[in-house]
Amino acid sequence: MSDTIVYVLALDLSADEARARRAEIEQWLTGEGLFVRNPSHVRPRDSGEFLAGPTAEGRITDEWLNGRYEADILCTRDAYTAYELFEPPPCPGCGSPLDLERFHELLHAWRQDAEPSATCGDCGAGALLGDWEWEFGAYVAELAVAFENWPELRDDFVAELGRRLGGRPRTIMCRY
């Protein structure tokens, strides 16, 4: 059985901006009752720092099963990727997929430095790599909210979270 994570992330934040925004996001999510602290969380990667709170059920589209829905607010520069679900990004102009080898080169460069631009091999359209939007992709960000094995999140909730994150918000569905 595989696990899924939905990442909602902000592309354009500096490390300092991400740290400040993380505190705001945590205050909003816990203050609204969406997240509660996970008492079994001791160190990163042990378990989610947060569990679904008493109001979280109202932010999903599917049936709420009485499961253990974990979440994290990640404040570290990383490449967040769809793993098993990954697909090459579609061109924002014509929809043709970016060459996979070229995508990996650009993603590696982005992890090391500023966000690169990519050019479509079919139509010639160019855009920042983060503007090649797709749900099953990969982006580099300093701040992400991760929902592990949650039922499907409502679009209006994801939009509100993205607005609060700022910095060109993106969403990725990950399976591993």
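**Exercise 1. Identify the bridge partner of Ile5 in S9, and then describe how S1 is paired.**

Step 1. Ile5 has Glu148 as its bridge partner in S9. Strands here are DSSP runs (E, at least two residues), as helices are (H or I, at least four), and both are numbered from the N terminus.

Step 2. S1 and S9 are antiparallel and share six bridges; two strands count as paired if DSSP finds at least two bridges between them.

Step 3. S1 is also antiparallel to S10, with seven bridges joining them. One of the pairs is Val8 with Thr171 in S10.

Step 4. Six of the seven residues of S1 are buried, so this strand is largely enclosed by the rest of the structure. Buried means under 20% relative accessible area, exposed over 50%, and partly exposed in between (1.4 Å probe, protein chains only).

The model is predicted, so local features need pLDDT of at least 70 and side-chain atom pairs count only at pLDDT 80 or more, while totals for chains, interfaces and linings use all residues. Residues are numbered from 1 along each chain as its sequence is written, and side-chain values use heavy atoms, with hydrogens and water left out.

**Exercise 2. Determine which members of the largest nonpolar core touch the most other members.**

Step 1. A nonpolar core is a set of buried Ala, Val, Leu, Ile, Met, Phe, Trp, Tyr and Cys residues joined through side-chain atoms within 4.5 Å. In the largest one, of 28 residues, the members in question are Tyr7, Leu9 and Trp132.

Step 2. At least two residues of this core come from each of S1 (4-10), S5 (78-81), H2 (100-112), S8 (138-141), S9 (143-148) and S10 (169-175).

Step 3. Apart from this core lies another, of 26 residues, including Val8, Ala10, Phe35 and Ala71.

Step 4. Beyond residues up to four places away in sequence, Trp132 touches, among others, Pro89, Cys91, Leu98, Ala118 and Tyr139; contact means heavy atoms within 4.5 Å.

**Exercise 3. Describe the lining of the second largest pocket.**

Step 1. On a 1 Å grid over the protein atoms alone, a pocket is an open set of points where a 1.4 Å probe fits, with protein on both sides within 12 Å along at least five of seven lines; lining residues have an atom within 4 Å of a point.

Step 2. The second largest pocket has 15 lining residues, and Val6, Glu135, Glu152, Thr171 and Met173 lie nearest its centre.

Step 3. S1, H3 (155-165) and S10 each give two or more residues to this lining, and S10 gives the most, with three.

Step 4. By class, the lining of this pocket has eight nonpolar, two polar and five charged residues. Ala, Val, Leu, Ile, Met, Phe, Trp, Tyr, Cys and Pro count as nonpolar, Asp, Glu, Lys and Arg as charged, and the others, Gly among them, as polar.

**Exercise 4. Decide whether Leu29 and Arg68 are buried or partly exposed.**

Step 1. Leu29, which belongs to H1 (residues 15-31), is buried, with a relative accessible area of 0%.

Step 2. Leaving aside neighbours within four places in sequence, Leu29 is in contact with Leu34, Phe35, Ile73, Val145 and Phe157.

Step 3. Arg68, in the loop between S3 (50-52) and S4 (70-74), is partly exposed at 47%.

Step 4. Arg68 and Glu148 are 80 residues apart in sequence and 9.2 Å apart in space, C-alpha to C-alpha.
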